[in-house]
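Q: I should like to learn how to read the features of a structural model, beginning with its empty space and then turning to the packing of its helices. Please take me through them in order.

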Amino acid sequence: MSFFRHICFALVFFSGALMAPGGAYAAPATVPAADPAAQLEALLREHPELILNVLKQHSEEVLDIVQMGSDKRRRAVLRDQWEKDITEPKQVALQGRPAGGPDNAPVTIIAFSDFVCAYCHQAAYTVGNLMKRYPGKIRLIFKQVPKTESGRIAGEWFIAAYQMDKAKAWKMYALVFDRQKQVEENALATLRTIAAEVGYDAKALEASVKSKAKELDSMLAGDAADASALGFVGTPYFLVNNMVLRGALPMENFADAVEMALANTNTAAK
């Protein structure tokens, strides 16, 4: 028997017992016999264990209902926020940042991320699936706010790799996230291995990183400055056509933002 049917059955049973001659429960004297709703309310006030027992037996279903309510509320709050965000352009530096997807895509997702952040890894996976759900509709631009030396090294290698070969760089991007623990433990050794796996000359790539150190450091510093100016604390953060998403949110939240961005783009085009 389902949770809701169980609840309804219990209420009907106990209300019937309350009103039936010789029932197990007697209606409180202060409640008129002609008012079964009031009798039931009085009964449950006096005997809350009737419902509590049912809830305990279906605790997992109760938690699912609570989670559904929480998710629904979060989506409503985000939509309200995005209605304001989408009309307020955010100025951030994009030149030279790794980008994937069509240049003319109607939706631009700007990620503020860190290769050694577990939540960033989770969010990167979600955004990858999102781009598959909306083929040709999304352009991803990757900005980085590393908090550790390992994250900074990985970030510089990725930008340098992107400058050498964009397609190979995105393969490297996926592997660096997948092996973030190894990157944390020994960034250079792991990055050399990954670079070779995706088809780079690892020595040439490392030499490029060293020769462009000032340029790469400046780019990462610019990303950190943009994040700070926007009030972003930690990673990951995302801008979806100016709408702010914070953290490794579920796919549904990202899809809501993309749908709102597409709707806004279509409205503006008319």
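Q: How many residues of each class are found in the lining of the largest pocket?

A: Rolling a probe the size of a water molecule over the atoms shows where empty space is left. In this predicted model, the lining of the largest pocket comprises nine nonpolar, three polar and two charged residues. The pocket holds about 330 Å³ of space.

Q: Which residues lie nearest the centre of the largest pocket?

A: Of the 14 lining residues, A124, Y125, G128, Y173 and A174 lie nearest the centre. Two elements, helix 5 (118-133) and helix 7 (166-178), each give two or more residues to this lining. Helix 5 gives the most, with eight residues.

Q: How should the packing of helix 6 and helix 10 be described?

A: Two packed helices are described by the angle between their axes and the distance between the axes. Here the axes of helix 6 (residues 149-164) and helix 10 (residues 202-211) come within 9 Å and cross at roughly 110 degrees. Because angles of 65 to 115 degrees count as roughly perpendicular, helix 6 is roughly perpendicular to helix 10. Their crossing is right-handed.

Q: Which residues of helix 6 and helix 10 make the contact?

A: Helix 6 contributes E156, W157, A160, A161 and M164, while helix 10 contributes A202, L205, E206, S208 and V209. By class, this contact has seven nonpolar, one polar and two charged residues.

Key: Residues numbered from 1 in each chain as written. Predicted model: local features only at pLDDT ≥ 70, side-chain atom pairs only at ≥ 80, totals over all residues. Heavy atoms only, no water. Axes fitted to C-alpha atoms, helices over the stretch in contact; angles between N-to-C directions. Helix = DSSP H or I, 4+ residues; strand = E, 2+ residues; numbered from the N terminus. Parallel < 35°, antiparallel > 145°, perpendicular 65-115°, else oblique. Left-handed = near helix turned anticlockwise from the far one by under 90°. Contact = heavy atoms within 4.5 Å. Nonpolar A, V, L, I, M, F, W, Y, C, P; charged D, E, K, R; others polar. 1 Å grid on protein atoms, 1.4 Å probe; cavity = no way out; pocket = protein on both sides within 12 Å on 5 of 7 lines; lining within 4 Å. Points joined across faces, edges and corners; volume = space filled by probe spheres on them.
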